[in-house]
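Here are a few short exercises to help you find your way around a new structure. Try each task yourself before reading its solution.

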Amino acid sequence: MNAVRPSGPRALLGPVLALAAAVLLVGAPAAPAVPAAPPAAVAAVTEVTTIAAALREHPVYVDPAASGQLSRADADALARKVEAADKPLFVVVLPADHPTRNLFTDLRTATGIAGVYAVRLGDRFDARADSTVMPPATVGNLVRSVEGDAGAAVQLNDFVDRALPAARGSAPAGWGRAAQDGGDLVAPLVLAGALVVVGGAGAYALSRRRRHRAAARVERQRAALDELRVVVDEDITAFGEELDRLDFHPGEAGATEAMRTDYAHALDAYERAKSLMAAARRPEEVRPVTEALADGRFSLAVLDARRTGAPLPERRPPCFFDPRHGPSVEDVPWAPPGGAERTVPVCAADAARLRDGAEPLVREVGTEGGRRPYYAAGPAYGPWAGGYFGGALLPGLLVGTLLGGMMAAPAYAADYGSGYGDFGGDVSGADPGDYGGGFGDGGGFGDGGGDFGGGF
């Protein structure tokens, strides 16, 4: 009786594996002699290289000696969350006695991919990031926000949930090629597949995965922009009504050229805001809209001062409680419910309310749980707030609030938009740039994250 011959893809598996083995054998270097006693420094570097190789294929690495900190199920769930977000965020769990000197720098150099690197070392935690992916101040705020979390799973999930919206860039392409199970079999299949039929299937799977990621990003952008549009349209309408109520005409008696310039600038800002919002397709494109509105309101404040003979106002940010109140006039101490006190810029009316012991008129926005202050409504309002306040002002304003905790200033001001994946491909390179430092080399682990100048 003749043996039944396999047909279809199974018939190709044997030749494919044989070809893969031959390719691997030909390309493999001769095994070096095992040194009798490798120096400790070499062993440490090799270990970091091993971790880096694993991270290029998977976003979460748990050292075998630290498996008690994070279970396989928790690690896989965390990895799926990172991969679904398509962000260059790496999580490493190591035993408490792992060498720390230059750990972040060496890990970033060995990985060769710009990203956010979070390391749990025993019961300690810290993180570093390339500034092109996340500003140092953002990383520091995120690290501090999870310092009180108990347990590796809770802490790492909290950090990832808060870091993903603020991170720029896309996940490494290698994550799309690696399979989570059966890695010993997949590696030769991928290699051989580049030469034979499996290559077509692998390319199709990778292309499909990328299309799925792109479609998911577009959907997230659309939903976030729709949420923002309601608030921004309210702001544009409010500014238009201010212009309508303004009792100024460029040709009126006493009008100066400077007044006419201020008025024209305010009108231009209004038209610019409308045009930019109509053209917006991604959440980050909201920021220039609110920048234009803040600019227009300041022009109206200058115009009012010229007409009344008052001193011209200095350029200040809008009122923290509601930017529709116009430019702030002073800074006052204020604390959100249950939060720490900080100094915020406020308009004259809100400053008077606070001095009288009354509550300021805070801008509320719609959420699934009803209307809430914008700073307690989550990261979707990052581009909106960033256009009004921007730059280095936001860390002190929003630290300790939900928006500040999720977006970790100044990410949502300067960089929040890229949290929706507007950067294509890997942001890669062997030079770690601002990662210069690490655990135990002067920074002290748990110093609040940031660039790579400190560490454990």
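**Exercise 1.** In this predicted model, find out how the side chains of Arg353 and Asp350 meet.

*Solution.* Start with the atoms: Arg353 and Asp350 form a salt bridge, with 2.8 Å from N to O. Next, look at the backbone: both residues belong to helix H12 and lie three residues apart, so about one helical turn separates them. Finally, check the surroundings: Arg353 is partly exposed at 25% relative accessibility, while Asp350 is buried at 0%.

**Exercise 2.** Which parts of the chain does the pair Asp322 and Arg363 link?

*Solution.* First, confirm the salt bridge: the closest N and O atoms of Asp322 and Arg363 are 3.9 Å apart, and the cut-off is 4 Å. Then place the partners. Asp322 sits in the loop between helix H11 (287-308) and strand E5 (330-334). Arg363 sits in the loop between helix H12 (348-355) and strand E7 (364-367), and the two are 41 residues apart. Now compare their relative accessible areas with the 20% limit for buried residues: Asp322, at 5%, is buried, and so is Arg363, at 1%. As a last step, widen the view: salt bridges with shared partners join this pair to Glu234, Asp235 and Arg324 in one network.

**Exercise 3.** Which residues have the most contacts inside the largest nonpolar core?

*Solution.* The core has 48 residues, and the answer is Met134 and Phe159. Its largest share, six residues, comes from strand E2 (residues 89-94). Now follow Met134: beyond its neighbours within four places in sequence, its contacts include Val116, Leu142 and Ala163. A second, separate core has 38 residues, among them Leu225 and Tyr375.

Notes
Residues are numbered from 1 along each chain as its sequence is written. This is a predicted model: local features need pLDDT of at least 70, side-chain atom pairs count only at pLDDT 80 or more; totals for chains, interfaces and linings use all residues. Side-chain values use heavy atoms; hydrogens and water are left out. A nonpolar core is a set of buried Ala, Val, Leu, Ile, Met, Phe, Trp, Tyr and Cys residues joined through side-chain atoms within 4.5 Å. Buried means under 20% relative accessible area, exposed over 50%, partly exposed in between (1.4 Å probe, protein chains only). Helices (H or I, at least four residues) and strands (E, at least two) are DSSP runs, numbered from the N terminus. Contact means heavy atoms within 4.5 Å.
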